[in-house]
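Biologist: Could you walk me through this model before I go back to the bench? I'd like to start with the backbone and then pick a helix.

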Amino acid sequence: MQRLQDRVAVVTGGASGIGLATARRFAAEGARVVVADLDEPAGKAAAEAVGGLFVKADVTSEDEVKALYRAAHEAYGRVDIAFNNAGISPPDDASILDTGLDAWRRVQDVNLTSVYLCCKHVIPYMREQGRGSIINTASFVAVMGAATSQISYTASKGGVLALSRELGVQFAREGIRVNALCPGPVDTPLLRELFAKDPERAARRLVHVPLGRFADATEIAAAVAFLASDDASFITAAEFLVDGGISGAYVTPV
C-alpha cells in the first residue's frame, strides 16, 4: 500500500522501538520521513535506512522542538504527519510511595510536556496547509489502573490522552486530526530492559493479555500508519487501543 505517498512525517523517538518500526512503515507507504531522536548514531542510521532526514532533538526543549519542525518544513515544504512518540519509563518511577519528585518531573517532561510542545509547534504548519494528522503515544495504562504502578508514567499517559482528545476537537474543522495511540505492552528494548531486571513483574503483566503475548513493534506501527492515512479520515479525538485485549478483559483464556 502507498497510502502516504509524498507525505512528510516527523517521528520523535524514531531511532528505536515503536518509533523506528513506524519510520520504516511510513517510508514503505511512500512518506518522506524525518527521524528525531537524542541518539545521534542510531537516529542517523534509522534516517538513512528510510531515505529520510535525521534531526537531533531533545523534545523537552521548546527551542529544539521548534527547530525540528522548521527543519522538516524547510527540507520538504510541508509537515503532514506528526507521530509524537518519544517517551521514557525509568526504574525509579514506581509506587507513589517510592517515586521521588525528581523522577516524577523527569517522566512528565519527556512523556507529556514533549507532546504539548510538539503539538504546539507542528499545528501552525498544518493549519497553513489545511490538513494534518497527529498521533500521540499514550498507553493502555491511560484507561485502566495497575497495582504494579509506575505512577508518573501512568499519569503522563493519561495527560497525553486528554490533551489529544481536546486538540482533536479544537482543530477538527481545520482538517487536522489528533488521536491518542494506546498500545499495550510492546516487545521493545525499553520493555525488555525493564522486565529483564524483574521477570516476575513481566510474568504478572503477561498473564493479563488475552492474546498471550506482548505486541511486536511492527503491529503498533501498522496502527500508526492507519491513523496517519486517509483510511482514518473520520477518526479524531479518539483513544485508539492496540493492546491485545488487555483493557477489555475480565478474565483471560486459560
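Modeller: One term first: strands are DSSP runs of E with at least two residues, numbered from the N terminus. Please also keep in mind that this is a predicted model.

Biologist: Where does aspartate 6 lie, then?

Modeller: Aspartate 6 lies in the segment before β1, the strand of residues 8-12, and its phi is positive, near 65 degrees, although the residue is not glycine. Most residues other than glycine have a negative phi.

Biologist: Is aspartate 6 buried or exposed?

Modeller: Aspartate 6 counts as partly exposed, because its relative accessibility is 45%, and the range for that class runs between 20% and 50%.

Biologist: And what is the phi of alanine 237?

Modeller: The phi of alanine 237 is near 60 degrees, again a positive value in a residue other than glycine; alanine 237 sits in the loop between α8 (217-228) and β7 (239-242), and with a relative accessible area of 22% it is partly exposed.

Biologist: Switching to α3, which of its residues are buried?

Modeller: Those are Val65, Leu68, Tyr69 and Ala72, and they cover an arc of only 80 degrees around the axis, so they lie on the same side of α3.

Biologist: What covers them?

Modeller: The cover includes the strands β1, β2 (32-37), β3 (53-56) and β4 (81-84), together with helix α4 (101-129), whereas the face of α3 turned away from the buried side carries exposed Asp63 and Glu74.

Biologist: What follows α3?

Modeller: Glycine 77 follows α3, and its phi is positive, near 85 degrees.

Note on methods:
Residues numbered from 1 in each chain as written. Predicted model: local features only at pLDDT ≥ 70, side-chain atom pairs only at ≥ 80, totals over all residues. Heavy atoms only, no water. Helix = DSSP H or I, 4+ residues; strand = E, 2+ residues; numbered from the N terminus. Buried < 20%, exposed > 50% of the residue type's maximum accessible area, 1.4 Å probe, protein only. Arc of directions from axis to C-beta. Contact = heavy atoms within 4.5 Å.
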